[in-house]
Structure formats: C-alpha cells, structure tokens
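User: I should like to learn how to read the features of a protein model. Could we proceed one feature at a time?

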Amino acid sequence: MSKKPRTVFRALDGIVLLDKPQGLSSNQALQQVRHLFRAEKGGHTGSLDPLATGLLPLCFGEATKIAGLLLGSRKAYETTAVLGVSTDTDDADGVTLRERPVPELDEAAIEAALAPLRGAIRQRAPIYSALKQGGEPLYAKARRGEAIQAPERDVVVHALEVIDRDGPRLRLRVECGSGTYVRSLVRDLGETLGCGAHVATLRRLWVDPFHAPRMFTLDELQALAGQGEAALQACLLPIEAGLAGFPRVEVDEAAARRLGQGQPVPCEGADDGLVAMFLDASGRCLGLGQRAEGRLAPQRLFRWAAVTNDGRAQTEQARSSSA
C-alpha cells in the first residue's frame with residue numbers, strides 16, 4: 001500500500017474566505033485548506049462550532065499577524081432556535097437535559113424576551129466552550145464530568161431579531177461583537193420564555209470587513225487545486241483586504257526605513273489610534289502603526305516592511321520589529 005505523498009509547504013501570504021462545512025472543527029478545516037495551498041503557516045480568526053457553517057477567514061503567512069484583529073471584529077449570524085428542549089451543549093450536538101412544553105407565544109411575548117438580550121449585556125458562556133479555565137478548555141473539563149461554573153463576561157449584541165417562525169422553531173438573525181456566544185443567546189431566550197431552547201443550525205454570514213464575502217467551500221477549493229496552483233491561488237485575498245476597516249496612512253521610503261527599524265516618524269492626522277501603514281510608491285501595506293500626538297510608531301510590521309534604497313527587504317529588521 002503506497003503512502004500518501006508528504007506535503008511540501010511553502011511561504012504563502014494571504015487570506016482565504018472559507019465556507020466552513022458542518023461537522024468539522026475550525027482547526028480541522030484550517031488544516032485541510034492549509035495543505036491544499038501548501039502554506040507553511042496558517043491560523044483561523046475565531047472558532048466556529050462543528051455544527052456551524054459559514055464564513056471562516058483563514059490567514060496564511062504574514063496574514064496571521066492580523067488574525068487577532070479579525071477575531072475581535074463585528075459578526076453576523078443566522079440561527080435556528082428550537083424551543084422546548086434544553087441540551088448540555090446548548091445546541092443540537094448535545095445531550096437532552098430537559099424537555100418542557102412551549103407556551104402560547106405571540107410576537108409581543110417573543111419580543112419582550114429578546115429585548116434584554118440586545119445591547120451591552122452580561123453573558124454566561126456555554127459549559128462546552130473553548131474558553132479556558134486553569135489553562136484548560138471548559139469542554140475538556142465538561143467531558144470528564146467535572147462540575148463547572150462557566151464564566152460571565154460583557155458582550156455587545158447589536159441586533160437580534162426573528163426572521164421566521166415555524167411552530168417551536170425560530171429563525172433568528174444576530175449581529176454581535178467579539179466573544180458573543182449565539183448558543184448562550186438562544187439558551188437565555190428559552191429560559192426567559194420558560195421552556196428552554198437550543199441551537200439547531202448556525203451559519204456565520206459575515207465578519208468585518210468582509211460584509212459581502214465570496215466564500216469558497218472545501219469542495220470548490222479541492223476542485224481548483226486539481227486545476228493547478230494558479231487556479232487555487234486566485235482565491236487568495238491580499239493581506240490588505242483584511243485591513244480595509246482601518247484608517248490608511250501613506251509614508252515615503254525614508255519613513256518606511258525608520259519604521260522598519262522600530263523608530264517612530266512624524267505623522268499628521270485628524271484622529272489618533274491604530275492605522276494601516278502603506279508605502280506610497282508601491283501601495284503595499286507595511287503593517288499596523290499607532291498614531292498619537294503627531295507621530296506614527298510601528299506596532300505590527302510585515303516582514304517586507306523595511307526597504308533599502310536598492311529595494312531589498314530588510315527581513316531580519318522587520319522580523320525583530322514585529323516580534
């Protein structure tokens with residue numbers, strides 16, 4: 001029996017907008033796509049549950065340096081909540097804990113239960129979640145049967161509305177900030193209604209700044225890989241696409257050299273804060289900088305950030321500046 005050829009990885013920078021299939025963890029999906037692209041380094045931008053589908057931005061190479069920014073971005077979901085059944089995971093992959101009759105509910109009653117779940121709220125995470133306690137994910141403790149007090153944290157729910165109803169099933173649209181669990185929203189909605197609830201389906205629609213994403217399924221990527229690397233690489237977005245929501249500052253080559261060596265440069269601008277720095281001659285992003293009091297200081301540089309007069313990248317200086 002012949003062995004499967006070993007993947008020969010390569011340096012590759014960019015972002016792929018994956019339409020994650022149901023049944024795979026985010027890391028399993030990442031590793032499959034990383035092997036298709038033969039990318040040396042990869043990371044995803046916030047886990048989707050195995051039950052969930054939809055947008056999962058995957059970052060390769062230098063794009064992994066902005067993965068944390070995408071993780072903290074605003075997101076939108078569509079979910080189906082089933083009233084009357086509570087599970088240990090707060091979704092359909094879990095074990096049923098309790099079944100209760102669903103009361104007669106009109107639109108006003110459902111709206112009254114949704115209202116406290118909007119805005120800045122305090123939310124208790126699901127017991128089966130990737131949040132760590134004592135250095136270990138909660139789900140690992142839960143699987144061993146340990147008693148767990150899931151933590152509460154502050155989250156922001158920008159929008160939460162019913163878009164369809166079919167008996168005990170509510171289809172909801174959610175827009176929320178970083179750290180929000182849709183499973184917790186559905187669980188708390190069910191408890192407020194007095195009958196319990198769990199998530200039956202969950203799909204992520206978009207993540208800032210990808211509001212109308214062209215997503216690729218695993219099957220599509222595998223088919224493109226069969227056509228050759230050029231066809232597959234056409235799916236790769238530049239790193240700059242992930243920084244579209246940041247103010248843009250252009251610098252000349254002299255300033256780029258100083259930034260690449262970790263030195264601040266003068267910078268006039270209306271607003272202080274985190275900005276995307278671009279080399280004006282090439283239009284390529286150098287990385288992220290902090291603008292404050294008329295100066296721009298490097299915060300997170302890509303390896304090509306420092307450029308000499310003859311155009312060579314000062315890769316070692318760029319790496320040390322961005323560590």
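**Reading strands, cores and single residues**

Analyst: Let us begin with one residue pairing: in strand E12, tyrosine 77 has arginine 204 as its bridge partner. Please keep in mind that this is a predicted model.

User: Which residue of E11 is the bridge partner of tyrosine 77?

Analyst: Strands of a sheet pair through backbone hydrogen bonds, in either a parallel or an antiparallel sense. Here, the partner of tyrosine 77 in E11 is valine 174.

User: How many bridges join E4 to E11, and how many join E4 to E12?

Analyst: Strand E4 and strand E11 (residues 169-176) run antiparallel and are joined by 8 bridges. Between E4 and strand E12 (residues 197-207) there are 9 bridges, again in the antiparallel sense. Strand E4 (residues 75-83) is mostly covered, with 8 of its 9 residues buried.

User: In what order do the strands of the open sheet stand?

Analyst: The open sheet has 5 strands in the order E13-E15-E16-E17-E14, and its pairing is mixed. Strand E13 (248-251) and strand E14 (265-266) each have a single partner strand, so they stand at the edges and one side of each lacks a neighbour in the sheet. Helix H8 (residues 253-260) packs on this sheet, touching E13, E14, E15, strand E16 (285-292) and strand E17 (295-301). The direction of H8 makes about 60° with that of E17.

User: In which sense do E13 and E15 run?

Analyst: E13 and strand E15 (residues 273-279) run parallel, with 4 bridges joining them. One of these pairs valine 251 with leucine 279 of E15.

User: Which residues have the most contacts inside the largest nonpolar core?

Analyst: They are Leu18, Val33, Phe37, Phe60, Leu189 and Leu221, in a core of 47 residues. Helix H5 (residues 182-193) gives the most to this core, namely 5 residues. Another core, of 19 residues, lies apart from it and includes Cys59, Leu70, Ile239 and Cys285.

User: Which residues does leucine 189 touch, beyond those up to four places away in sequence?

Analyst: Leucine 189 touches Ala113, Leu114, Leu117, Leu170 and Leu172.

User: How should burial be read: is cysteine 195 buried or exposed?

Analyst: The cut-off for burial is under 20% relative accessible area. Cysteine 195 has 0% relative accessibility, so this residue counts as buried. Cysteine 285 is also buried, because its relative accessible area is 0%. The structure holds 0 disulfides.

User: Where does serine 26 lie, and is serine 26 buried or exposed?

Analyst: Serine 26 lies in helix H1 (residues 26-37). Its relative accessible area is 3%, so serine 26 is buried. Leaving aside neighbours within four places in sequence, the contacts of serine 26 are Lys20, His44, Gly46, Ser47, Leu48 and Leu56.

User: Why does isoleucine 163 count as partly exposed?

Analyst: Partly exposed residues fall between the 20% and 50% cut-offs. Isoleucine 163 has 35% relative accessibility and therefore counts as partly exposed. This residue belongs to strand E10 (residues 152-166). Beyond neighbours within four places in sequence, isoleucine 163 is in contact with Glu78, Arg171, Leu172 and Arg173. The C-alpha atoms of isoleucine 163 and glutamate 78 are separated by 9.2 Å, although the two residues are 85 residues apart along the chain.

User: What percentage of the residues of the protein count as buried?

Analyst: Of its 323 residues, 46% count as buried. The protein has 9 helices and 17 strands. About 15800 Å² is exposed, and carbon and sulfur atoms supply 49% of that area.

Note on methods
Residues numbered from 1 in each chain as written. Predicted model: local features only at pLDDT ≥ 70, side-chain atom pairs only at ≥ 80, totals over all residues. Heavy atoms only, no water. Pairing = 2+ DSSP bridges. Helix = DSSP H or I, 4+ residues; strand = E, 2+ residues; numbered from the N terminus. Contact = heavy atoms within 4.5 Å. Axes fitted to C-alpha atoms, helices over the stretch in contact; angles between N-to-C directions. Disulfide = S-S within 2.5 Å. Buried < 20%, exposed > 50% of the residue type's maximum accessible area, 1.4 Å probe, protein only. Areas by Shrake-Rupley, 256 points an atom, 1.4 Å probe, with all protein chains shown as cover. Core = buried A, V, L, I, M, F, W, Y, C linked by side-chain atoms within 4.5 Å.
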